[in-house]
Amino acid sequence: MDPVVLDNIPFKVDLEQFLKLIRVTDKPGYAEKAVRLVTEAQSIARPKAMYREAFIEEKGDDFVIVEGITLTSRVLRVNLNDAYRIYPYIATSGVEMEEWSKGIEDMLEKFWVDVVKEMALRVAIQTFLQNFKESTYQGNTSSMNPGSLQDWPIQEQSKLFSILGNPELVGVNLSQSSLMYPIKSVSGFRFPTEVNFDNCQLCSREKCPGRKAPYDENLYEERFA
Amino acid sequence: MGDLKQIAAAVVEGQAALVKMLVDEALADGTTPSDILYHGLIVGMDIVSARFSNEEFYVPDVLISSRAVHAGMRVVRPLLLENSALIEGKIAIGTVAGDLHDIGKNLVIIFLRSRGYEVVDLGIDVHPEEFVEAVLLQKPQVLGMSALLTTTMPIMASTVKLLEQANIRDQVRVIVGGGPVTHDYSMSIKADGYAADARSAVDLVNKCIRESKEEYHGSGCIR
């Protein structure tokens, strides 16, 4: 399957939601300034996403081989028990806004732009999920991301990029430490499963603002040991 | 004598223009720049810091108050430097390699700048070599490292070792912080200090800077 590239994603900031998030509704002057910045950011922003279908060739105790590339993770391996295909993906707020925002020095304005980037990323993710569901796989899927768990270190990110093929199509690159640029990007593999899985179920970090599922302290022993 | 309480309140409310006006008035009334800084601007920012710790304030509130402090600082800083009334200090700070979390680091920067310190923001994903280079080039009194992942904490240890290898470990105080970092961990990697949050990071830097000045004059040292 050729990669699906979504590079024409409409993006419009919900100004009311934005102003609430940045807490300037009762601060004279700030709202107008923020709206001006958002309007400019919005005209530059090009959120994007891409994904493709890849086939699993072999499974070991703690690895799977996908199109000749070995992914080493016990959790991933168990999650792929009943799967024979996997969908690497990337969604990003877009390099255009990242480059533009390099010129912003003021920390408050940087924060505002960060909020816009986060919104653009959410739109890219939603667009990817919708396109994926409508045109590629209608069944139940879950996702895993290299670097989200000790079991699957971030260094495996480069393998995801290799399987995906050409991430430059959406302008995403890896740093020496395997972090993605633009920073507001997410990557992972979606895989067919009847048992819902979220990385957060295996992560005990308290007060995490990004938590999507409660920590289950027995889950690793029960399902993955 | 200007109303220092009013300056502090305007800082808390994030009213930059009002802070500047009140600072100008206070100076015209004969209030010393030092009193304006330590009993007006910093008092205001301390209230902001406490409210942030109590989750009454959020990041954007802190940023807006910080702008208000800077509106006042721009007026008093040159006067303070003229009278040697400002404790000068330079801090270089970054999030370690492999880690892109920067909210905590940025808050520390905001609070430090509000104290009048010069802060060099090294950004995120900073490698040990880059920290060492910053110490060599920027010559800060304090080097701060932040990590939010257990997997990236060892970069802090590598940096301390690299500073030793470069024979510049004694030239800088190394402080560490971030979600999984602990006091014990900071001791184990031979850092000079650990801060659990942005507020205590400022106290720690104050201590480090004070002690580095004392050391300069021949007494005590943090290590």
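Here is a short walk through a sheet in chain B and the nonpolar core. This is a predicted model, where local features need pLDDT of at least 70 and side-chain atom pairs count only at pLDDT 80 or more, while totals for chains, interfaces and linings use all residues. Residues are numbered from 1 along each chain as its sequence is written, and chains are lettered from A in the order in which they are written.

Let's start with the sheet. Chain B has an open sheet of 5 strands in the order β2-β1-β3-β4-β5, with parallel pairing. Strands here are DSSP runs of E, at least two residues long, and helices are runs of H or I, at least four, numbered from the N terminus; two strands pair if DSSP finds at least two bridges between them. Because β2 (118–126) and β5 (193–195) of chain B each have a single partner strand, they stand at the edges, with one side left without a neighbour in the sheet. From one strand to the next, the twist averages 20 degrees (angles run from 0 to 180 degrees between N-to-C directions, along axes fitted to C-alpha atoms, for helices over the stretch in contact).

Over at the β5(B) edge, β4 (173–177) of chain B pairs with β5(B) through 3 bridges. Gly177(B) has Ala195(B) in β5(B) as its bridge partner.

Now add a helix: α6 (128–138) of chain B lies across β1 (90–96), β2 and β3 (142–146) of that chain, at about 160 degrees to β2(B). As for contact, two residues count if their C-beta atoms, placed from the backbone, lie within 7 Å. Val11(B), for instance, touches residues including Val19(B), Leu41(B) and Met45(B).

How values were computed. Lists of a residue's contacts leave out its neighbours within four places in sequence.
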